[in-house]
Amino acid sequence: MFEGEHMAGTTDKQLIIDGKRTDGRTIDEIRPLRIEVGVISSADGSALVEWGGNKVLCGVYGPRECIPKHEASPYGALIKCRYSMSPFASLSEHGRSGPNRRSLEISKVIREVFENLIIAENFPKTQINIFIDVLQADGGTRVASITAASAALASAGIPMRDVVSAIATGKVDGQMVVDLGKDEDNFGQSDMPIALSHRKKDILLLQMDGLLTKEEILKALDMAEKSCEKVHEVQVAAVRKIYESAALSEQKISL
Ligand code: CDP
């Protein structure tokens, strides 16, 4: 839900009919997810995430010299994150693109996810930049961004304590669902994006719009855990692919 948009739960439109959502999915089904890493040749790590109608590109640079220098910390790398929505990301909302309160907030919460994961103390006086551009938006861009950044950081070889996967959960037509599309996000009763670390299942991000009961929140966490498992599989397969092709070309060189 974004500034000035429709209030959660203010539509007459039925979003779930006979257990099926408007795009035919069941309540615990995620949209098609495709991840490709190594898509920006000049970046140290990168990933393109296509998730439902979302297209999110992430480029990672670093660890590199911290600029401005006075920001540098002797205790570890500074993590910087900039999330941005392109002017053409969403035809109906193009007027809201560019830096704004929403993109600043999303940049901040994503930065905090990775501050808790990256082993920053290995790289004092440096910075690690995470740039995220939403090329096409269709609900759930912050979770798609976290998913992209996690794969991009892994492809850059930046050491992390754990891998993070993320999913939006929420309440639509009185039912708890995962991976809300734009209409579900904008017109559903509640949306709650969640990011979980893979091994420890730590909650690295949890935001909420609308109203949920304690039981519904617990159910959402449970659903998120299962969905994050699926997201994680796609992330790992994408990262493994580039490491395997790098190993293959090294083999060719040594032959
Ligand atoms: O994208 P996410 O769900 O993380 O954030 P949101 O603020 O809840 O936005 C929900 C959806 O509304 C986005 O994914 C976009 O599809 C749409 N939106 C938009 O089209 N233009 C904006 N400036 C903000 C949101």
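**A pocket, a cavity and some backbone oddities**

Arg34, Ile35, Glu36, Val37, Val234, Ala237, Ala238, Lys241, Ile242 and Ser245 make up the lining of the second largest pocket in this predicted model. Two elements, S3 and H4, each put two or more residues into that lining, and H4 is the main contributor, with six. The pocket holds about 150 Å³ of space. Sorted by class, its lining comes out as six nonpolar residues, one polar residue and three charged ones.

Strand S3, spanning residues 33–37, is two-faced: Leu33, Ile35 and Val37 sit on its covered face, while Arg34 and Glu36 are on the uncovered one. Residues of both faces turn up in the pocket lining, among them Ile35 and Val37 from the covered side and Arg34 and Glu36 from the uncovered side. As for partners, S3 runs antiparallel to strand S4 (residues 45–51), and five bridges hook the two together. Within this pairing, Ile35 faces Val49 of S4.

That pair of residues leads straight to Thr147. Both Ile35 and Val49 are touched by Thr147, whose contacts beyond four places in sequence also take in Trp51, Ala166, Val231 and Gln235. Thr147 belongs to helix H2, which covers residues 141–155. With a relative accessible area of 0%, Thr147 is buried. Of its contacts, Val49 and Trp51 fall within the range of S4 (residues 45–51), and Val231 and Gln235 fall within that of H4 (214–254).

H4 shows up again at the one cavity of 30 Å³ or more that the structure holds. The space inside this largest cavity is about 60 Å³. Around it sit Ser165, Leu196, Ser197, His198, Lys201, Glu225, Cys228, Glu229 and His232. Strand S10 (190–197) and helix H4 (214–254) are the elements that each bring at least two residues to this lining, and H4 takes the largest share, four residues. The class make-up here is two nonpolar, four polar and three charged residues.

Two of the cavity-lining residues, Lys201 and Cys228, deserve a bit more attention. Lys201 sits in the loop between S10 and strand S11 (203–206). Its phi is near 60°, which is positive even though the residue is not a glycine. Lys201 counts as partly exposed, because its relative accessibility is 28%. Cys228, on the other hand, is buried, at 6% relative accessibility.

What about disulfides? The count is zero. Cys228 takes part in none, as the nearest cysteine sulfur, belonging to Cys58, is 17 Å away. Cys66 fares no better: its closest cysteine sulfur is the one in Cys81, 15 Å off, and that is too far for a bond when the cut-off is 2.5 Å. Like Cys228, Cys66 is buried, in this case at 1% relative accessibility.

On either side of Cys66 in the numbering, the backbone does something else of note. Gly62 and Pro63 are joined by a cis peptide bond, with omega at about -5°. Pro63 is part of strand S5, which runs over residues 54–65. Further along, the bond from Ile67 to Pro68 is cis too, with omega near -5°. Unlike Pro63, which is in a strand, Pro68 is in a loop, the one between S5 and strand S6 (78–85).

Lys201 also has company as a non-glycine residue with positive phi: Asp179 has a phi near 55°. Asp179 is placed in the loop that links strand S9 (175–178) to helix H3 (182–187). Both of these residues are thus found in loops, but their surroundings differ in accessibility. Asp179 is buried, with a relative accessible area of 2%, whereas Lys201 is partly exposed.

Taken together, H4 is the thread that ties much of this picture together. It gives the most to the lining of the second largest pocket, and it also has the largest share of the lining of the largest cavity. Its partner element is S3 at the pocket and S10 at the cavity.

Key:
Residues numbered from 1 in each chain as written. Predicted model: local features only at pLDDT ≥ 70, side-chain atom pairs only at ≥ 80, totals over all residues. Heavy atoms only, no water. 1 Å grid on protein atoms, 1.4 Å probe; cavity = no way out; pocket = protein on both sides within 12 Å on 5 of 7 lines; lining within 4 Å. Points joined across faces, edges and corners; volume = space filled by probe spheres on them. Nonpolar A, V, L, I, M, F, W, Y, C, P; charged D, E, K, R; others polar. Buried < 20%, exposed > 50% of the residue type's maximum accessible area, 1.4 Å probe, protein only. Contact = heavy atoms within 4.5 Å. Pairing = 2+ DSSP bridges.
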